[in-house]
Amino acid sequence: SGIIHNSDFSTEFIGQFLDYSGIVLPEEIAKTMGDDDDKMVIYRGEWIWKNVREEWILFHVWRWEKFLKKVCDALHAINKKVIALAVYCTDPFETLYSNGIDLQRLFKAGVDYIMPNTLPTSVYMSGFCDKFWRYMSTVSLNAAFINGNEQLCMLGVKDSTEEWDMLQHVPCLFQRDI
């Protein structure tokens with residue numbers, strides 16, 4: 001799901017986590033392994049989030065880095081650049097804590113650019129004024145954290161799902177962003 005406190009707590013995924021971390025589950029959790037009905041999956045997830053949260057976060061960081069290393073190696077082999085739209089939060093810590101993505105480790109994996117999903121005008125247009133200021137700080141917080149690595153900004157021009165269009169609905173706000 002992207003948000004790691006609601007992610008996959010199936011037997012297979014927990015098995016990968018245990019192999020990576022070396023953690024031994026307590027008996028009451030271990031006996032749920034192999035039972036992937038909703039109740040058991042939620043039970044395992046709650047235990048992990050309450051007891052081994054840091055390890056769970058670092059497991060996701062490791063998985064993202066490992067996955068993106070494969071992607072980057074393949075694309076660099078054919079002289080292509082890699083842009084990761086993996087910054088769905090407002091600062092590097094939130095990205096790490098919520099999504100299990102460490103921006104510095106993305107670059108270590110070979111990502112050439114990150115593209116923060118800033119959307120400042122669209123967030124403001126939608127009436128979420130508190131989020132507007134948080135999203136406006138995304139670029140500067142990321143720049144400080146990634147230490148000179150590249151980021152490209154994506155302005156919110158159009159959203160086909162929600163069917164608003166900055167060029168049609170509020171061009172003066174979009175002009176301000178530009």
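Which residues form one aromatic cluster? In this predicted model, the cluster consists of F9, F13, F17, Y20, W56, F59 and W62. A search of the whole structure finds twelve aromatic pairs. W49 and Y97 form an aromatic pair with edge-to-face geometry, with 5.8 Å between the centres and 65° between the planes. Because W49 belongs to helix α3 (residues 38-51) and Y97 to helix α5 (residues 92-99), this pair ties together parts that are 48 residues apart in sequence. The two partners can also be described by their accessibility. W49 has a relative accessible area of 15% and is therefore buried, the cut-off being 20%. Y97, with a relative accessible area of 30%, is partly exposed.

The chain as a whole contains eleven helices and five strands. Of its 178 residues, 38% are buried. Among the contacts with a separation of 6 or more, 65% are accounted for by residues 24 or more positions apart. The area exposed by the chain is about 10500 Å², and 55% of it is supplied by carbon and sulfur atoms.

Helix α3 comprises 14 residues. From its first C-alpha to its last, α3 reaches 20 Å, close to the 20 Å expected at 1.5 Å a residue. Its buried residues are M40, R44, G45, W47, I48 and W49. These buried residues pack against four helices, namely α1 (11-21), α2 (27-30), α4 (53-77) and α5. The aromatic pair of W49 with Y97 thus joins α3 to a helix, α5, against which the buried residues of α3 pack.

Helix α9 (residues 138-146) has T138, N142 and I146 as its buried residues. Viewed down the axis of α9, the buried residues fall within an arc of 40°, so they line one face of the helix. An α-helix has 3.6 residues a turn, so residues three or four places apart point the same way. Just after α9, N147 adopts a positive phi of about 55°.

Three strands make up an open sheet, in the order β1-β2-β3, with parallel pairing. The edge strands of this sheet are β1 (83-84) and β3 (150-151), each of which pairs on one side only. Between β1 and strand β2 (residues 113-114), the parallel pairing runs over two bridges. Within this part of the sheet, A84 stands opposite I114 in β2.

Two further positions illustrate approaches between separate parts of the chain. I3 is located in the segment before α1 and, at 33% relative accessibility, counts as partly exposed. The C-alpha atoms of I3 and G100 are 7.9 Å apart in space, although the two residues are 97 residues apart in sequence. When neighbours within four places in sequence are left aside, I3 is in contact with S98 and N99. The second position is K108, which lies in helix α6 (residues 103-109). K108 is exposed, with a relative accessible area of 63%. Its C-alpha atom is separated by 8.2 Å from that of K69, and the two residues are 39 residues apart along the chain.

Key. Residues are numbered from 1 along each chain as its sequence is written. This is a predicted model: local features need pLDDT of at least 70, side-chain atom pairs count only at pLDDT 80 or more; totals for chains, interfaces and linings use all residues. Side-chain values use heavy atoms; hydrogens and water are left out. Two strands pair if DSSP finds at least two bridges between them. Rings of Phe, Tyr and Trp (its six-membered ring) pair if their centres lie within 6.5 Å; planes under 30 degrees apart count as stacked, over 60 as edge-to-face and the rest as tilted. Buried means under 20% relative accessible area, exposed over 50%, partly exposed in between (1.4 Å probe, protein chains only). The expected span of a helix is 1.5 Å times one less than its number of residues. Contact means heavy atoms within 4.5 Å. Accessible areas come from the Shrake-Rupley method with a 1.4 Å probe; for residues, only the protein chains shown count as cover. The arc is that of the directions from the helix axis to the C-beta atoms.
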